[in-house]
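Biologist: Hi! I'm new to this one, could you walk me through it?
Modeller: Happy to, let's put it on screen.

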Amino acid sequence: MTGPSPVTFTVRIQREPFDAAAEVAKLTRGRTDVGAVVTFTGICRGAEAGEPIAALTLEHYSGMAEAEIERHVTEAIGRWPLKGVTIIHRHGRIAPGEDIMMVATASSHRQAAFAAAEFLMDYLKTRAPFWKQVERADGKIWVDANETDDAAAGRWSAPVE
Amino acid sequence: MKLRYFAWVRERVGKAEEEVDVPAGVATVGELMVWLASRGEEYAHAFDNPRVIRAAIDRTHVKPQTAIKGAREIAFFPPITGG
């Protein structure tokens, strides 16, 4: 290959399921400069706060969700020497065992891939406008925000505004 | 301007979005929440604890003290729980 290696980045918000393995394969296909891929997949649990659930429903703010995620991907690309980033987040009804979202980061070495994946997850949990509602036997209940998520996002000094 | 509501804020207000004429004295996001709370029972219920409600102007997070002048779309929602 000649010329500077491109950074491949993909942000998708969709109702349909996705194939995390296929998405990871896309990050490395046709290139030999990637030495590390870190993937995080968020999966719907069968219980929330000790109560069994039938499903999750994710509501999102279309337009802002994409913009907010892209802003943080740009920030991550500026901070770490990344070769690729893929973020996919589903909305709508999701059953236990199904994937909710994924973050994959590719770099020449593991440190950048690990750090960027964690940074992106921490910001996504507190800044990307998605809200979870769980379906329980006694009705539908909005999930409360987790204060430890705010603390996790706060440890990356120089917040993204 | 256009207002949008999400998650339990939307459920309590009873609508996802609306166009409103905001009175001249309402200058910030926080003041807008106070004014909205005065618009009826549903709004009072939705905005009874403004400290737990987050806001965005034109799809960017803002704070209660942010001025609303020039905003096209203001959204109100609970703290984020995605990921």
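Biologist: Let me start small: which residue in strand 4 of chain B is the bridge partner of B:Ala55?
Modeller: That is B:Val62. Do keep in mind that this is a predicted model.

Biologist: Thanks! And what stands opposite B:Ala55 in strand 5 of chain B?
Modeller: There you'll find B:Phe76.

Biologist: In which sense does strand 3 of chain B pair with strand 5, parallel or antiparallel, and over how many bridges?
Modeller: Strand 3, residues 54-57, pairs with strand 5 of chain B in the antiparallel sense, over 4 bridges. Its pairing with strand 4, residues 60-62, is antiparallel as well, over 3 bridges.

Biologist: How many residues lie between strand 3 and strand 4 of chain B?
Modeller: There are 2 residues between them, and the two strands form a hairpin. In the turn, B:Asp58 has a positive phi of about 45 degrees.

Biologist: Switching to the two chains: how many residues does each put into the contact?
Modeller: Chain B gives 14 residues and chain A gives 22. On the chain B side, helix 1 (7-13) and strand 5 (73-77) each supply at least two residues. The chain B residues that touch chain A divide into 9 nonpolar, 4 polar and 1 charged.

Biologist: Now chain A. At what angle do helix 3 and helix 4 pack?
Modeller: Helix 3 (residues 110-127) and helix 4 (residues 147-154) of chain A pack at about 130 degrees, with their axes 8 Å apart. Because of that angle, helix 3 of chain A is oblique to helix 4 of chain A. Their crossing is left-handed.

Biologist: Which residues meet there?
Modeller: From helix 3 of chain A come A:Asp122, A:Tyr123, A:Lys125 and A:Thr126, and they meet A:Asp149, A:Asp150, A:Ala152 and A:Ala153 in helix 4 of chain A. By type, the residues of this contact are 3 nonpolar, 1 polar and 4 charged.

Biologist: One last spot: where does B:Val26 lie?
Modeller: B:Val26 is in the loop between strand 2 (17-19) and helix 2 (29-37) of chain B.

Biologist: Why does B:Val26 count as partly exposed?
Modeller: Because B:Val26 has 15 other C-beta atoms within 10 Å, while buried would take 20 or more and exposed 12 or fewer.

Biologist: And which residues is B:Val26 in contact with, leaving aside neighbours within four places in sequence?
Modeller: B:Glu31, B:Leu32 and B:Trp35. As for B:His61, it is 35 residues from B:Val26 in sequence and 19 Å away in space, C-alpha to C-alpha.

Key. Residues numbered from 1 in each chain as written. Chains lettered and ligands numbered in written order. Predicted model: local features only at pLDDT ≥ 70, side-chain atom pairs only at ≥ 80, totals over all residues. Axes fitted to C-alpha atoms, helices over the stretch in contact; angles between N-to-C directions. Parallel < 35°, antiparallel > 145°, perpendicular 65-115°, else oblique. Left-handed = near helix turned anticlockwise from the far one by under 90°. Contact = placed C-beta atoms within 7 Å. Nonpolar A, V, L, I, M, F, W, Y, C, P; charged D, E, K, R; others polar. Pairing = 2+ DSSP bridges.
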